[in-house]
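User: I'd like to learn how to read a few features in a protein model. Could you walk me through them one at a time?

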Amino acid sequence: MNDESSTSEGESPFRLYSPFSLNEHQVVAEQANKPNEPNSELEDGRQLPQRLANRFQSSLAYKQLEEIDSYYKQSLIPTFIVIDSCREIHRYTSTRSLFVFGPQNVIRRFAISVESNVGFQWFIYLTVFTYIMAAMYPPSHSFEKLEVAMLVFWMLELAIKIIARGFLLTPFSYLRNDFRNRLDFFAIISLILNLVAIEHGSFGALRGFRLIDPFRRGIRLDIILLKCFRSVHSVLVYFIIVAFVIALFGLQAFMGLFRSRCAIKPPFALHGYEWFNWYLNPKHWVYGEILHPQMCSNYTLIDNCGSGDVLCVPSIGENPDYGYTNFDTLGWSMLSTIRLLTLDYVEELYRLVYTVTGFKCNFFFIPVTFFVAVFFNSLFAVVVVSVFKNVYNETFSNTVIKIQAVNGITGENGMIEHQQSNSVLERMKGICCRWSCVSCCPGIREKFKRIITDPYVELFFKLCIFLNTICLCMDHHDMSPALDGILQTMAAFFNIVFLGEVCLKIVLLTPGEYFADFWNRWDFTLIVLYLIFAYYSVINEMQFFGFTLFRIFKLINFLSYFNKLMLITTKSFKLFSRILYSFVMIVITFAIFGLTAFGASYKINAEFFHKGIIPRWNYTDFIHAFMNVFRIICGEWIETLWDCMLVSGYHCIPLYIFFLYVGKYVLVNIFLGIILRNHFRHTTNPKDAESPYFNYAVIIIIFVSCVLLGLDDKYTHTRKSLHDVLRIMDLIILLLFMFEMVFKWMAYGFRGYFSSKLNILDFIVNFVWVLEMFIEFTAFTNGIATFHTIRVLRIFRIIDVTCEDHEMKLIVNTFWKSLPGIANAIFVILVSWLVYAIIGVQLFGGRFYYCYDFVYDTVVNVSIVSSKPECLLKNYTWVNAEMNFDHIFNAYLSLLEIATLKGHLHVMHSAFDGHSVSSQPIYEINLYSYFYFFFFIIVGSFLTLNLFFGVIYTTYKELRQQLEMSRSSLFTQNNVFNNAMRKVRLMKPKKAIPPPQSLLLQKLFYFVQSELYEAIIVIFILANLGILTYDNYYFVGKSYDVFWEVNNGLIFVFVVDCALKMLAFRQYFFTRSWPLLDLTIVMLQLI
């Protein structure tokens, strides 16, 4: 209950704060019925609710007011508030700040008035923005002067805020009020230290977090991020614990295995140091195809080294990837485990482990990657989406504004801006609506208006959009001059048509009526952009097709689903643009942070890299740092981390993990929250009921069919008897499925039969199977391989039939019901990607070619060959990249690889280096083409690919709601009670273990269950865990012997523990999960 609710309708809830307010606070604090938590509408930093904003007088702005939240009125520490001109709440404590400045102190009142002033906040935003922009450029003497000036302003800001709020001890003090204050304090301290030791760099870029959401309106993105960090914190702790356990297992299983090498045996007998020196010499090692030393193992059944003249020698080489990929110590094992759990470059780590351990490594990789990693990635997504949804619903419910009085339409989030801005818009709209371009001839205008708005005329314009899109798709590299001329002519024609459409509609309709429609505004914007860029292309003699390709989105009006999706997109545009802005600002902040922390190390220690060439992904300048940070956020971080550690040391690891945590697991999942806040509706149909015995018989037949299909391989035709048996069994199974289909026709009828998706699948499989048999017997061939494998689709019937559990049935039904929505989502993705594909063809078509020397298996340097004719003249080969943008289909394939964020870097590298057609690529000459891929990954990957997740999630949610509603409708109150009692009767509580009859065993029985015994065992477990943590590859000598003696002693303790519990619990020992787990672990340790 809020205090303002107790005021009368005419009385204002806002009263000036005075020394007498403290006495009133003491009286109120003694009252009972204190609220359990603060009112979320009246939190510090939020805007006043509309019901209070309407009653707030402008004369009270920036003045100290009494507390209006009942929770803080009754708290032990008194507070007061200040409301700025934008109706935002600032809360302060009434205690003395810094033990000196009271609420009525002149200095503190001045500090509060400045700290809460909107102009002061925007001045700080301006200084931070200036610093961020200046930090993007290479360091200079001017930047050092600017940094000193910014430091002076920020220290003054720090002093004002500390005087106004206090420093730390009280609530709402500087360091406790906002997480950005803590980042600002750390940034200012680092800048001060940087004046003393410049070589260490500064963290002033952390102030960029202040620009995440400067407008602080509607949904507060800073609040979303803060609550996401708090909610994900528990998941992160769980993640670290699980990663620690997996790292310990990897440490014990794969320690030192990456150091083994295949080496050539010496031609004569060697002993002692000569033997070691021979095998330690890299010249005597065996190298693979990519000139890397071949790893091996003596513990696998496969001979890694091949011939008998080669020997697998352990511990003679270095670990791969600069020595950073290994399981030799707990730290490196932890890093490799995090790499697995984040699914980054997992295939290479799997290849390394498989080389040295063989097939048994699958028992480690499959659970970790397919279960643990997927689980945590999904868990992070669920937590972030839930926080986003809660904040969104809270904002929506707490800021209800009656906009129907204005135009009868609810705006985006159910909110509108201030009434003053609305009145201005209404006046502008009225002026535009009254203005008519042809007011002298209203009759003629009405006739032409009916023509221009006729459905057939609209259909003509849409047909032009479709044909224009087809022409743009026909553009490709190395097309004939005739086709090029035709496409140029068609493009000019369609642009004239679209320009005429916009001009006629503006003339014949009033501007107010024209711009009231979203698609008219869309057309007008595209035409204006086209005219601007067409003029620019003519001046610079460039070929430019314009922005007409974006008109393709107008075609979705023909389909209701896509029209609804576009409506959702337009409603979310403001929210998406704000989140995109915040996302870009965080990436910029991280990029500048990485630039100042690591940039100098790359240049100073460049000789550490191969041939002294700095890798493409680095922190040498802002654009490279921006690219590198965005790559980390996309989930590809481990390779750039190796480069960073090589030149900057191990302190790269925590920063990379922080970038990954904030970017991949928080920011990217917020885009998913935008998708999931809108629901897609699907209808459900009842499922046919069949006899369980009939279903089980069908399952057996399907299983036999799959087994027979697995036995049919490329060697079957050489074994005639097996071939004949398989063909006979195929024919028998086909007849059985045909009989099943006929029986179902007779039982359900054709309409009932084809109402089930599984029956439709059966019909298709049977039809294809009969067609395959017909082709095989008439054409005397082995049939068609594709037809032969279609029968495997029957496996879905096994999944459907065996799902007796309601949750499993729900998952299977979700899969089937999501298929139409997934098909629609695929179409939306194809349409949205078409725009990027056409732009990609125009930007990169024919520019991915390069000159290649097959003799030395390398790309020819641009200093030797600069163009295609020169390449062919010198007998080299002019080769095209496998993934390119030469035409629309290749562009789609390249975009698909980029959207998956796996193996896409070579496409981006080709775009960075390509600059013109028939020219040899030059290293990063077209580096700014990166922003094409940046925006495509955000829109084409983070948003559009999340449509799949959105469809599946909403379908699952709807089916669950329907299941719960159907369950609740089946039971009355008596039925619910009877059902609950029946479950209670059927429950079998776990019986307590009876004590043994022997007096000695009874004492042992109670002892092993005592808290003292459990504490002793926990101490031994922690000791064993510490011993395992201390174990590493470099542990040799006497210390190693002591380690194993202690470890064996602990194992003996655990054996005794299991033996004592087996004696005390007797046969009941094997009915308890924890004792069985202890026994299993002890047996594994003994093995």
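What follows is a short tour of a helix pair, a loop residue, two helices and a sheet.

Analyst: Happy to. Keep in mind that this is a predicted model.

User: Let's start with packed helices. At what angle do the axes of helix 11 and helix 12 cross?

Analyst: The general idea: two packed helices are described by the angle between their axes and the distance between the axes. Here, helix 11 (residues 330–341) and helix 12 (residues 346–357) have axes that cross at roughly 130° and come within 9 Å. Angles over 145 degrees would count as roughly antiparallel, and 65 to 115 as roughly perpendicular. Helix 11 and helix 12 are therefore oblique to each other. As for handedness, helix 11 passes helix 12 in a left-handed crossing.

User: Moving to the loop between strand 5 and helix 11, where Asn319 sits: is Asn319 buried or exposed?

Analyst: For this you look at relative accessible area, and buried means under 20%. Asn319 has 6%, so Asn319 is buried. The side chain of Asn319 also makes a polar contact of 2.9 Å with the side chain of Asp328.

User: How do I check the length of helix 16 against what's expected?

Analyst: Use the rise of 1.5 Å a residue, and count one residue less than the helix has. Helix 16 (residues 455–474) has 20 residues, so the span should be 28 Å; the end C-alpha atoms are 29 Å apart, which agrees. At the start of helix 16, look at Asp454: one of its side-chain oxygens comes to within 2.9 Å of the backbone nitrogen of Tyr456. The buried residues in helix 16 include Phe461, Ile465 and Leu472, and also Lys462.

User: And helix 32, how far does it reach?

Analyst: Try the same kind of check. The 13 residues of helix 32 (residues 888–900) reach 19 Å from first C-alpha to last, close to the 18 Å expected. Among its buried residues are Ile888, Leu895, Ile898 and Glu897. Just after helix 32, Leu901 takes a positive phi of about 60°.

User: Last one, the sheet. What is the order of the three strands?

Analyst: Read the order across the sheet, then ask who pairs with whom. The order is 7-6-8 in an open sheet, with antiparallel pairing. Strand 7 (858–859) and strand 8 (877–880) are at the edges with a single partner strand each, so one side of each has no neighbour in the sheet.

User: How many bridges join strand 6 to strand 8?

Analyst: Four bridges join strand 6 (residues 849–853) to strand 8, and the two run antiparallel. To find one such link, go to Tyr850: its bridge partner in strand 8 is Val879.

Technical notes. Residues numbered from 1 in each chain as written. Predicted model: local features only at pLDDT ≥ 70, side-chain atom pairs only at ≥ 80, totals over all residues. Heavy atoms only, no water. Pairing = 2+ DSSP bridges. Buried < 20%, exposed > 50% of the residue type's maximum accessible area, 1.4 Å probe, protein only. Polar contact = N/O pair within 3.5 Å; in protein donor to acceptor, adjacent residues only side chain to side chain. Axes fitted to C-alpha atoms, helices over the stretch in contact; angles between N-to-C directions. Parallel < 35°, antiparallel > 145°, perpendicular 65-115°, else oblique. Left-handed = near helix turned anticlockwise from the far one by under 90°.
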